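Dear colleague,

I am handing over the structure that we spoke about, and below it I have written down what was found in it. Please keep the model open while you read, so that each part can be followed by eye.

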Amino acid sequence: MTNFFLILIITILLPGQISIPIGSSNRQDTSKIHLTKIGHFGLVRKARTNVPEHYHTGIDIKRPNDNYESEPIFPIAKGIVISKRTDGPFANLIIEHEINGIKLWTLYEHIAGVKVNVTDIVNSKTPIARFMNKKELDRFGWQFDHFHFELIKVKPSKIKPSNKNPERFYNSYSLTCYCINDLNKYYFDPIEYFNYNINK
Ligand SMILES: [Zn+2]
């Protein structure tokens with residue numbers, strides 16, 4: 001009973017509580033997030049076919065353990081799903097949040113096994129998708145053995161859904177940040193944000 005009231009009080013006092021987006025025994029422990037070698041926010045990504053040089057607008061979070069079948073991905077806080085793309089390695093979800101009175105958006109990309117739909121209300125305990133499994137990585141490439149997470153300051157831009165992706169209503173600004181000003185206009189550095197908002 002005591003534990004119950006303690007949790008209740010904590011929940012009331014921290015209405016905008018943020019959790020890290022991966023499974024962990026303590027989702028308030030930001031040290032549980034490990035990034036890939038080139039997964040840091042703001043790194044310059046070299047031009048490749050059809051993609052000009054740009055800034056990395058999110059972080060690439062490593063799989064937290066060796067579960068290559070069903071490793072879950074969670075929202076960082078309560079929100080509403082506003083966009084869903086499910087075709088191949090660039091599958092993603094965008095969630096709109098209001099955290100401590102401020103609107104912001106999160107994007108989860110290179111995900112698989114998407115479990116939610118647009119207009120679904122989710123919270124930090126809702127498994128929304130998972131990391132790609134072995135079979136998918138063999139098919140799409142092991143460079144996708146992580147998930148790309150973005151924390152967006154400006155409402156994502158509206159796009160017209162296609163037959164292939166009837167619930168893909170928004171795009172983030174991933175490939176449109178060609179200078180530091182753009183990056184800072186549209187994005188938070190997720191690690192800085194987590195450190196400030198979780199480890200207070
Ligand atoms: Zn990335």
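A good place to begin is strand β11, which is joined by two bridges to strand β14 (residues 187-188), the two strands running antiparallel. Within this pairing, Ile 152 of β11 has Tyr 187 in β14 as its bridge partner. Please bear in mind throughout that this is a predicted model.

β11 has further partners. Strand β7 is connected to strand β11 (residues 147-152) by five bridges, and this pairing is again described as antiparallel. Two positions let you find it on the screen: Trp 105 has Ile 152 in β11 as its bridge partner, and Thr 106 stands opposite Leu 151 in β11. Strand β3 (residues 59-61) also pairs with β11, in the antiparallel sense and over three bridges, and here Asp 60 is the residue that stands opposite His 148.

As a general point, the strands of a sheet pair through backbone hydrogen bonds, and they may do so in a parallel or an antiparallel way.

Is β11 largely enclosed by the rest of the structure or left open, and why? Six of the six residues of β11 are buried, so the strand is largely enclosed by the rest of the structure. A residue is called buried here if 20 or more other C-beta atoms lie within 10 Å of its own. In a regular strand, side chains alternate between the two faces of the sheet. In β11, Phe 147, Phe 149 and Leu 151 point one way, while His 148, Glu 150 and Ile 152 point the other way, and all of them are buried.

Following β7 away from β11 leads to another pairing, since strand β6 (residues 92-99) and strand β7 (residues 102-109) run antiparallel and are joined by eight bridges. One of the paired positions is Asn 92, whose bridge partner in β7 is Glu 109. The hairpin of β6 and β7 has two residues between the strands, and in this hairpin Asn 100 takes a positive phi near 50 degrees.

Elsewhere, three strands form an open sheet in the order β4-β10-β8, with antiparallel pairing. β4 (72-73) and β8 (111-112) stand at the edges with a single partner strand each, so one side of each is left without a neighbour in the sheet. The pairing of β4 with strand β10 (residues 129-131) is antiparallel and rests on two bridges, and the bridge partner of Pro 72 in β10 is Arg 130.

The loop between β4 and β5 (79-85) contains Ala 77. Ala 77 counts as buried because it has 22 C-beta neighbours inside 10 Å. Ala 77 and Ser 19 are 58 residues apart along the chain, yet their C-alpha atoms are separated by 6.5 Å.

Finally, a few words on the chain as a whole, which has four helices and 14 strands. Its C-alpha atoms fill a box of roughly 60 × 40 × 35 Å along the principal axes. For 200 residues, a compact globule would have a radius of gyration near 16 Å, and the 17 Å of this chain agrees with that. Buried residues make up 32% of the 200 residues. Among contacts between residues at least 6 apart in sequence, 61% join residues at least 24 apart.

With kind regards

Note on methods:
Residues are numbered from 1 along each chain as its sequence is written. This is a predicted model: local features need pLDDT of at least 70, side-chain atom pairs count only at pLDDT 80 or more; totals for chains, interfaces and linings use all residues. Two strands pair if DSSP finds at least two bridges between them. A residue is buried if 20 or more other C-beta atoms lie within 10 Å of its own, exposed if 12 or fewer, and partly exposed in between; C-beta atoms are placed from the backbone. The radius of gyration is taken over C-alpha atoms; the globule rule is 2.2 Å times the number of residues to the power 0.38. Two residues are in contact if their C-beta atoms, placed from the backbone, lie within 7 Å.
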